[in-house]
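Thank you for making time for this. Please have the sequence and the structure open while I talk, and I will go through a few places in turn.

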Amino acid sequence: MNKEIILQLINQKDFSTLKEQLHEMNPVDLATLLEALEERQLLITFRLLNKEAAAETFSYMNSLTRKLLIEGLTDQELKEVMDEMFLDDTVDIIEEMPANVVKRILKNTDEATRNSINTILNYPKDSAGSMMTIEYIHLKKDMCVSEAIERIRTEGIDKETIYTCYVTENRKLIGLVSVKDLLMSKDEDKVGDIMETHVIWTYTHEDRENVAKMFGKYDFLAIPVVDTEQYLVGIVTVDDAMDVIEEETTEDMTKMAAMSPSEESYFETSVLNHAKHRILWLLVLMLSATITGTIITKYEGAFSTIPLLVAFIPMLMDTGGNCGSQSSTLIIRGLALDEIKFKDFFKVIFKEFRISLIVSMVLATVNGLRIFLMYRDLTLAIVVGCTLVCTIVMAKVIGCILPLIAKKCKLDPAIMAAPLITTIVDTCSILVYFNIATLFFKL
């Protein structure tokens, strides 16, 4: 089903056929389809969905489409949608909406839900508490299996996940049990006898990026969240962890491209905001490049004596920048995946130093032969070859050091990516080049 078919059915007022076809679609695909509609067609189509499908589809929409729907739906329609949504999805929507829209959402939720929303919103934005849901199944250890299964049947329909149930005693987390374990046990068995007591949890104020990494490490579907006194206050589910990973990856990519991160999508961001996000770093990098220009000006005498020296500046700067970018990219990735720690500082430097020696020797030899064959000048070939060796070693060492230092200073290592590394290495490579040239040609 596509946009044209929806518009055709709306124009024909064949709403029964449209409703049937919408019912057969996956909520994710349906959300994408509805985002392409204009406001009038969007409201007509959305109103044809049943409450459950409408709530699930709504949770997958972008913020602009959600805003249009919230403003266009009646209070009763909005209340029906919000009642069917999981609490963590409601919190996510509230965090990205303007104040007037938030006020209308809260107006159409019951008091208990509003209190839960306010509790979650009080946690720091990037913490586990801000991304958790309180919709989980909790059991008692003295329950028999049949009682536990009956509770799951009774309460499970309103919970975000039922695959893992949490065993509490006086609100404290003491164990967990999977639905599989319950189904494979006898009805008279006690939950306390079959539960897993070695539980891995996270704290409410733990950084959400660290929580997301736990899913990859332990292959969990959900992770319990406890407060400082180990009272169970909620759970983080794998779908929310995936959203965090996507957001963090997008943020790192923008920083690595020397741009300020934006929470809006490409087309939702205005031209002016795009420019604002990009211009600051471009100004910094452009102005810092004046150092390179100053160094080149200082060696004008060398240019006038041997003009051919100028021809190799772009190649040396590009090679140094590329080598530094290679190292910084690998180190940033290693830091993001926790493969590399700051304690590995000297180990990383030694490894990159050895790599740079091999790479530089090969590139210097090939380039030296090329220069000698083209210009029949052995001294020039040696100067450029030695500069390449020094530049590559320096670039790779700088490329691995800066992200590690940024991590230690509690900065995002992504800011120490290609643009910044390239600017630093360009300046250093020019300085090395002219010093070596001055030494060999006695300028």
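**A walk through the predicted model**

I will begin with Asp-126, which counts as partly exposed because its relative accessibility is 40%. Please keep in mind throughout that this is a predicted model. The partner of Asp-126 is Arg-208, and the two form a salt bridge in which the closest N and O atoms are 3.6 Å apart. Arg-208 sits in helix 15, residues 208-218, while Asp-126 sits in the loop between helix 10 (111-121) and helix 11 (128-131), so this pair ties together parts that are 82 residues apart in sequence. Arg-208, for its part, counts as buried, because its relative accessibility is 14%.

How many salt bridges does a search of the whole structure find? The search finds 12, and I will mention a few others besides the one we have just seen. Arg-333 and Glu-339 meet through their side chains in a salt bridge, at 3.6 Å from N to O; here Arg-333 is partly exposed, with a relative accessible area of 48%, whereas Glu-339 is exposed, at 52%. Lys-341 and Asp-338 also meet in a salt bridge, with 3.6 Å from N to O, and in this pair Lys-341 is partly exposed at a relative accessible area of 38%, as is Asp-338 at 36%. Finally, Asp-75, Arg-104 and Lys-107 are linked with one another in a network of salt bridges.

Let me now go back to helix 11, where Ser-130 is found. Is Ser-130 buried or exposed? Ser-130 is buried, as its relative accessible area is 5%. A polar atom of the Ser-130 side chain lies 3.4 Å from the backbone oxygen of Pro-124. If we set aside the neighbours within four places in sequence, the residues in contact with Ser-130 are Val-91, Ile-120, Tyr-123, Pro-124 and Lys-125.

The next residue is Asp-240, which belongs to helix 16, residues 238-256. Asp-240 is buried and yet has no salt bridge. Which side chain of opposite charge is nearest to Asp-240? It is that of Arg-208, the residue we met at the start, and the distance is 8.9 Å. A salt bridge needs a side-chain nitrogen of Lys or Arg within 4 Å of a carboxyl oxygen of Asp or Glu, so at 8.9 Å Arg-208 does not form one with Asp-240. What Asp-240 does have is a polar contact of 3.0 Å, side chain to side chain, with Thr-237. Beyond the neighbours within four places in sequence, Asp-240 is in contact with Asp-88, Asp-92, Met-131 and Glu-160.

From there I turn to the nonpolar cores. In soluble globular proteins, nonpolar side chains tend to be buried together. The largest nonpolar core in this model has 51 residues, and those with the most contacts inside it are Phe-46, Phe-58, Leu-69, Ile-70 and Ile-105. A second core, separate from that one, has 40 residues, among them Leu-309, Ile-371, Leu-380 and Ile-430. To look at Phe-58 in more detail, and again leaving aside neighbours within four places in sequence, we find it in contact with Phe-46, Arg-66, Leu-69, Ile-70, Val-81, Met-85 and Ile-93. Phe-46 is also one of the buried residues of helix 4, residues 39-46, together with Gln-41, Leu-42, Leu-43 and Thr-45. What do the buried residues of helix 4 pack against? They pack against helix 1 (3-11), helix 2 (15-23), helix 3 (27-35), helix 5 (51-60), helix 6 (63-72) and helix 7 (75-84).

I will finish with an open sheet of 3 strands, whose order is 1-2-3 and whose pairing is mixed. Its edge strands are strand 1 (138-139) and strand 3 (172-178), each of which pairs on one side only. Strand 1 pairs with strand 2, residues 164-169, in the parallel sense over 2 bridges, and Leu-139 stands opposite Val-167 in strand 2. Strand 2 and strand 3, on the other hand, pair in the antiparallel sense over 6 bridges, with Cys-165 standing opposite Val-177 in strand 3. The hairpin of strand 2 and strand 3 has 2 residues between the strands, and there Asn-170 takes a positive phi near 55°.

Methods: Residues numbered from 1 in each chain as written. Predicted model: local features only at pLDDT ≥ 70, side-chain atom pairs only at ≥ 80, totals over all residues. Heavy atoms only, no water. Helix = DSSP H or I, 4+ residues; strand = E, 2+ residues; numbered from the N terminus. Buried < 20%, exposed > 50% of the residue type's maximum accessible area, 1.4 Å probe, protein only. Lys, Arg positive; Asp, Glu negative; His and termini not counted. Polar contact = N/O pair within 3.5 Å; in protein donor to acceptor, adjacent residues only side chain to side chain. Contact = heavy atoms within 4.5 Å. Pairing = 2+ DSSP bridges. Core = buried A, V, L, I, M, F, W, Y, C linked by side-chain atoms within 4.5 Å.
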